[in-house]
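User: I've got this one open and want a quick tour. Can you walk me through it?
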Amino acid sequence: MQKIALDAITEAVINHGDRGKSHPRLYEIYTSLVRHLHDFVREVNLTESELQQGRNFLNQASHHTQEIPTGEIHLLTDLLGISELVELLGDAHHGTEGNLEGPLYVPNAPERQMGDRLGIDAEGDSLFLSGRVLDLNGQPIANALIDVWQPNSKGLYDIQDPSQSPGNFRGRFKTNKSGEYRFETVVPLGYKVPSSGPSGELLGLLGRHPWRAAHIHFKLSAPEYTPLTTQIFMAGDPHLDSDTTFAVRSAVVQLQKHEAPEELKARQQSKPFYTTEFDFVLRPVTLTTTYQATDEHYAYITNPQ
Ligand SMILES: [Fe+2]
């Protein structure tokens, strides 16, 4: 019979099973997680009631709400800096930097054409966003798929806001032969991450604010290139230096304001509008990068046929 004691329980847990024979990578992650969790419990001398509070917290965080339809677990990893840490680890220091996806991505966004408007929001300031998708040598990538999603000018995504129709401020575009993309949208507003659930309560107890700097999300893919998930941020936002998900890095764009009557006429606008440009640079697919891209690739690398 094994002797369970304070100094032996961690090894007992880790050695219980086939020690990674069937799933080596899973076992590597699991072993490290168990060691760190046990060390944490010892370090803070966790009590039974504190453990129960932790269980209740995770339980609540997994519930779906209107504010955050996928539940708060994803949000929690963002707020703890874990999502951005994973991005930083995966950064190959060339190409456009990746950034966290956030919990509000919806697959199969409406297909849109070059120049289309991304959503309806009469009160928002129009923003014309354009740029190119390039490879590491600066050559255009034609037919790249650009998946865009953002909040409206009130800081709300369609899936959080019954007044917006599904797919509002979401869309999939393709680049043309010159690698160009172009669409019209509104200047997004920075927003508070959903605060009525356990994550918001935690932020409050820690004296942390819930604000995200204004941003637009992108997912890009093209054959033979590593898929990219990222965000661009609006210069001048008051929370650029303290975004609550720690996601603001170098992708900050300046918005150019246009208010001259001839400019308004040329763009058929009745009030001042903004323009900005951003070029995305994709990395070629390599074994290292596909490893992080999808489970399929992971399976192939760990067990090539
Ligand atoms: Fe967002």
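Analyst: Sure, we can go from confidence to domains, then the sheet, then some single residues.

User: What is the average pLDDT of the protein chain?
Analyst: This is a predicted model. The protein chain averages a pLDDT of 90. At least 70 is reached by 93% of the residues.

User: Where does pLDDT stay under 50?
Analyst: Over residues 290-305. The model has 11 contacts beyond four places in sequence for that stretch.

User: OK, domains. Which ones does the assignment give?
Analyst: The domain assignment gives domain 1 as 9-61 and domain 2 as 73-302. Their C-alpha centres lie 34 Å apart.

User: How many residues of domain 1 are in contact with domain 2?
Analyst: 4 residues of domain 1, and they touch 6 residues of domain 2. Helix α3, residues 48-61, supplies the largest share of the domain 1 side, with 3 residues. By type, that side of domain 1 divides into 2 nonpolar, 1 polar and 1 charged.

User: What about α2, how far does that helix reach?
Analyst: Helix α2 covers residues 24-44, which is 21 residues. From first C-alpha to last it reaches 30 Å, close to the 30 Å expected at 1.5 Å a residue.

User: Is α2 largely in the open or enclosed, and why?
Analyst: In the open. The number of buried residues in α2 is 0 of 21, so the helix lies largely in the open. Just after α2, Asn45 takes a positive phi of about 50 degrees.

User: Switching to strands. What is the order in the open sheet of 5 strands?
Analyst: The order is β3-β2-β7-β8-β9, with mixed pairing. β3 and β9 are the edge strands, each pairing on one side only.

User: Take me across. How do β2 and β3 pair?
Analyst: Antiparallel, over 5 bridges. Asp147 stands opposite Arg172 in β3.

User: And how many bridges join β2 to β7?
Analyst: 5 bridges, and the two strands run antiparallel. Trp149 has His217 in β7 as its bridge partner.

User: Then β7 to β8, how many bridges there?
Analyst: 6 bridges, antiparallel. Ile216 stands opposite Ile232 in β8. β7 and β8 form a hairpin with 6 residues between them. In the turn, Glu224 has a positive phi of about 75 degrees.

User: Why is β7 described as largely enclosed?
Analyst: Strand β7 spans residues 215-221, and 5 of its 7 residues are buried, so the rest of the structure largely encloses the strand.

User: What about β11, which way does β1 run against that strand?
Analyst: Parallel. 4 bridges join β1, residues 126-134, to β11, residues 273-277. Ser130 has Glu277 in β11 as its bridge partner.

User: And β10 with β11, parallel or antiparallel?
Analyst: Antiparallel, with 3 bridges between β10, residues 256-258, and β11. The bridge partner of Gln256 in β11 is Thr275.

User: Now backbone oddities. Where is Phe169 found?
Analyst: Phe169 is in the loop between β2 (145-149) and β3 (170-174). Phe169 has a positive phi of about 60 degrees although it is not a glycine.

User: Buried or exposed, that Phe169?
Analyst: Buried. Phe169 counts as buried because 26 C-beta neighbours lie inside 10 Å, and the cut-off is 20 or more.

User: Phe246 has a positive phi too, of about what?
Analyst: About 65 degrees, and Phe246 is not a glycine. Phe246 lies in the loop between β8 (228-234) and β9 (252-253). With 18 other C-beta atoms within 10 Å, Phe246 is partly exposed.

User: Last one, Ser83. Which helix has this residue?
Analyst: Ser83 sits in helix α5, residues 82-90. Ser83 counts as buried because there are 22 C-beta neighbours inside 10 Å.

User: Which residues is Ser83 in contact with, leaving aside neighbours within four places in sequence?
Analyst: Thr77, Asp78, Leu100 and Thr245.

User: And how far apart are Ser83 and Ala247 in space?
Analyst: 8.7 Å, C-alpha to C-alpha. In sequence, Ser83 and Ala247 are 164 residues apart.

Terms used: Residues are numbered from 1 along each chain as its sequence is written. This is a predicted model: local features need pLDDT of at least 70, side-chain atom pairs count only at pLDDT 80 or more; totals for chains, interfaces and linings use all residues. Domain bounds come from an automatic or database domain assignment. Two residues are in contact if their C-beta atoms, placed from the backbone, lie within 7 Å. Ala, Val, Leu, Ile, Met, Phe, Trp, Tyr, Cys and Pro count as nonpolar, Asp, Glu, Lys and Arg as charged, and the others, Gly among them, as polar. A residue is buried if 20 or more other C-beta atoms lie within 10 Å of its own, exposed if 12 or fewer, and partly exposed in between; C-beta atoms are placed from the backbone. Two strands pair if DSSP finds at least two bridges between them. The expected span of a helix is 1.5 Å times one less than its number of residues. pLDDT is the predictor's confidence in each residue, from 0 to 100.
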